[in-house]
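Hi everyone, thanks for coming. I'd like to walk you through a structure today, so have a look at the screen.

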Amino acid sequence: MELDPRPRRLPLRRLPATTWQRQRPTWREAAPGVIEAALKRALARPSGNWFVLAASREVRRDRPFGRVVAGTEIVAWRDAEGALRAAPGACPHLGAPLCRGAVADGRLVCRWHGLALDGGGFPGWTPFPAHDDGVLAWVRLDGAGGEEPLPRPVVPERPRGAGAIAAVESLAGRCAPEDVVANRLDPWHGSWFHPYSFVGLRVTEIPSGADPDPDRLVAEVAFKVAGRWGVPVRAAFECPDPRTVVMRIIEGEGRGSVVETHATPLGVRGGVPSTAVIEAAVAASDRPGFALARRAAPVVRPLMRAAARRLWRDDLAYAERRYLLRTTGRWPG
Ligand code: FES
Ligand SMILES: [Fe+2]
């Protein structure tokens, strides 16, 4: 697929007529060893014990937010300045769920007997380090992470400024974070498994040891818009930390836009782990029409989220299967 460098009024291109069966098989290139090696390198990166907790906008000023992360019950809220706070989710008085409480004057108030808590802590209740990067809320869990703590999470570089639109979608599946990451490090399945979204996906660069940038994974693909119309782009994949895969558009419409897939372990139930996929799409474009889209952000955002949901429903089914196969000795090879 040729990428046309000339700016055009509309990014849409008519895609070559093909059928699902007649596209080129990618299984030979999608070598299990290449995917596995990329996964191994990702898992070896430091996270500094930071976990993505939620979308920034999910943690509001007027009520607390609760989620179990890596088996730890967390409550998050905003203090009087609007800063993100996170702490253990059980009330230090008699264990009530603090996420069912209220936020008043930046303090977290337990609904059971009215204990008001703030970022300063309370005997038996020590807040966790938290970080709000403007798109995502992070929490640092040194007990669960078991790594050398870092003062800040590894936040991927994103398109900056008021021109960008961010949308975050979360889903959960019965698998480990590495199953989500492994699935994302296999871009080859794009137009075979998701023909409703991708056409003509071709991986043009794969990670190789001799390369100065051994983790470079680049694909050309057209995002399907409607019928035979789509938007061709070139995208690079990278793992900044062991639970994150970033896809960055490096050429074509929306250059600089990123889709960050964060796999957050939730906990283990009945011996099976559960993992949240928290995916942040931060889109940017130099195109004048994009300013319009930005004003329409409240409309565009749900559309971006709906697209992510459909892909992740399918991808999570595979990640769950990958978990099952590898934990029951049925993984191929
Ligand atoms: S359980 Fe929270 S104040 Fe009593
Ligand atoms: Fe996928």
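Let's start with one residue: does Ser274 count as buried or exposed, and why? Keep in mind that this is a predicted model. Ser274 has a relative accessibility of 14%, and the cut-off for buried is under 20%, so Ser274 counts as buried.

Where does Ser274 sit? You'll find Ser274 in strand S17, which covers residues 272-283. Now leave out the neighbours within four places in sequence, and look at what Ser274 still contacts. There's one run with Gly173, Arg174 and Cys175, and another with Thr264, Pro265, Leu266 and Gly267.

Okay, on to the metal. Which residues hold the protein donors of the iron ion, ligand 2? They are His189 and His194, each through NE2, plus Asp315, which is listed with two OD donors. These donors lie 2.1 to 2.3 Å from the iron ion. If you like reading patterns in sequence, the spacing of the donor residues is H-x4-H-x120-D. Both His189 and His194 are buried.

And the geometry? The angles among the 4 donor atoms run from 59 to 142°, and the site of the iron ion is irregular. For four donors to count as tetrahedral, all angles would have to lie between 85 and 135 degrees.

Last, let's zoom out. The chain has 6 helices and 17 strands. It is made of 333 residues, and 45% of them count as buried. Take the contacts in the chain with a separation of 6 or more: 60% of those come from residues 24 or more positions apart. The accessible surface comes to about 16,900 Å², with 55% belonging to carbon and sulfur atoms.

Definitions and conventions: Residues numbered from 1 in each chain as written. Chains lettered and ligands numbered in written order. Predicted model: local features only at pLDDT ≥ 70, side-chain atom pairs only at ≥ 80, totals over all residues. Heavy atoms only, no water. Helix = DSSP H or I, 4+ residues; strand = E, 2+ residues; numbered from the N terminus. Buried < 20%, exposed > 50% of the residue type's maximum accessible area, 1.4 Å probe, protein only. Contact = heavy atoms within 4.5 Å. Donors = N, O, S within 2.8 Å, 3.2 Å for Na, K, Ca; no water. Tetrahedral: all angles 85-135°; square planar, octahedral: opposite > 155°, others 65-115°. Areas by Shrake-Rupley, 256 points an atom, 1.4 Å probe, with all protein chains shown as cover.
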